[in-house]
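Hi everyone, thanks for coming. Let's pull the structure up on the screen and walk through a few spots together.

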Amino acid sequence: MAEARVDPLYRLLAWLSPAYPVGAFSYSHGVETAVEEGFIKDRATLVAWLESVLERGTGLVDGALFAAAWRVVEGADWAAFDAIAERAAAWRGTSEMALESRQQGGSFLSITRTAWPHPALDAGHERTGGELALPVAVALAAAAHGIALESALGGYLHAFAANLISAAVRTVPLGQTDGQRALAALEPAVRRTAEAAMAAVSLDDIGTATPLLDWCSLRHETQYTRLFRS
C-alpha cells in the first residue's frame, strides 16, 4: 500500500484550530483586566490594544522564539533548541503569563505526539520533560513535519490574535461581527510581526515595550471576579 501523502496545511490548520484541546479558551492574556479597567471597551480600542501586544509585546517575542526554534529543529541542533526552550520559559513578565504559555505548550506537545507522532517531538519531550512554552512547542512540530516557517509562524500569530479577540467578544462584550472585523483589521499587524520576527538576527535583539500589558496581568492575579486564568 502506498504511503499517504503528507499535507502540511491540513496539519497546521488542525493544530491552530480553536478545537485543538490545549485550553486556549481559558486564557485572556490580560484582556480581562484591560476590559475591567476600561482600556478595552469597543472594537477600536481592542484593535489598538492587540496591535501593541502583537508588534511590541508578546507577539514579537513569541514570534522570534518560534522562528529561532523552527530553524534549530530543522538543523537538528538540539543544544541550541535547549537554550531557546530555556529562554522561552523565562521570558514571561508574570506568573500567569508563564502558566498560560507553559500549560498550553505542554498540552500541545502531548496531544501532537499522540495524533501526529514524530521522533523529533519525542526528542523535544525527553529533553524538556514535556514542559515547553507554546511557541517553541508549535515550532518544534511544524519543523518536524516539514511545514514552512513563514506559513507556520503566520498561522501561529493569527491564532494568538484570534484567541484574544474571542476573549474580548465574551468579556466586553462584543458581537461576533465586530470580532471578525477586529481580526480583519489586525491582518497587517500580524504580517508585520511575522516579518520582524523572521528577520531577527539574534534573540538578544528582541525586547518588549508593553508595560501596561504586564500591569494588567499582575492585576488579574488578584482581580475579584475572573472568567479567565490570565
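**Helices, a pocket and two odd spots**

Let's start with α6 and α7, which cross in a left-handed way; that label applies if the near helix is turned anticlockwise from the far one by less than a right angle, and right-handed is the label if clockwise. Quick background: this is a predicted model, where local features need pLDDT of at least 70 and side-chain atom pairs count only at pLDDT 80 or more, while totals for chains, interfaces and linings use all residues. Residues are numbered from 1 along each chain as its sequence is written, and side-chain values use heavy atoms, with hydrogens and water left out.

By helix I mean a DSSP run of H or I with at least four residues, numbered from the N terminus. The axes of α6 and α7 come within 10 Å and cross at roughly 145°. Axes here are lines fitted to C-alpha atoms over the stretch in contact, and angles run from 0 to 180 degrees between N-to-C directions. Who touches whom? On α6 it's Leu109, Thr112 and Arg113, and on α7 it's Leu121, Asp122 and His125, with contact meaning heavy atoms within 4.5 Å.

Now swing over to α5, which packs against α7 at about 55°, axes 11 Å apart. That makes α5 and α7 oblique to each other, because angles under 35 degrees count as roughly parallel, over 145 as roughly antiparallel, 65 to 115 as roughly perpendicular and the rest as oblique. This crossing is right-handed. From α5 you get Trp78, Ala79, Phe81, Asp82 and Ala85, and they meet Ala120, Ala123, Gly124, Arg127 and Thr128 of α7.

Next, the second largest pocket. A pocket is an open set of points on a 1 Å grid over the protein atoms alone, where a 1.4 Å probe fits, with protein on both sides within 12 Å along at least five of seven lines; lining residues have an atom within 4 Å of a point. This one holds about 170 Å³ of space, a volume being the space filled by probe spheres set on the points. Which helix gives the most to its lining? That's α5, with four residues. Among the lining residues are Ala85, Arg92, Ser101 and Thr128.

Last, two backbone oddities. Most residues other than glycine have a negative phi, and most peptide bonds are trans. His29 has a positive phi of about 55°, and sits in the loop between α1 and α2. Val172 and Pro173 are joined by a cis peptide bond, omega about -5°, and Pro173 lies in the loop between α9 and α10.
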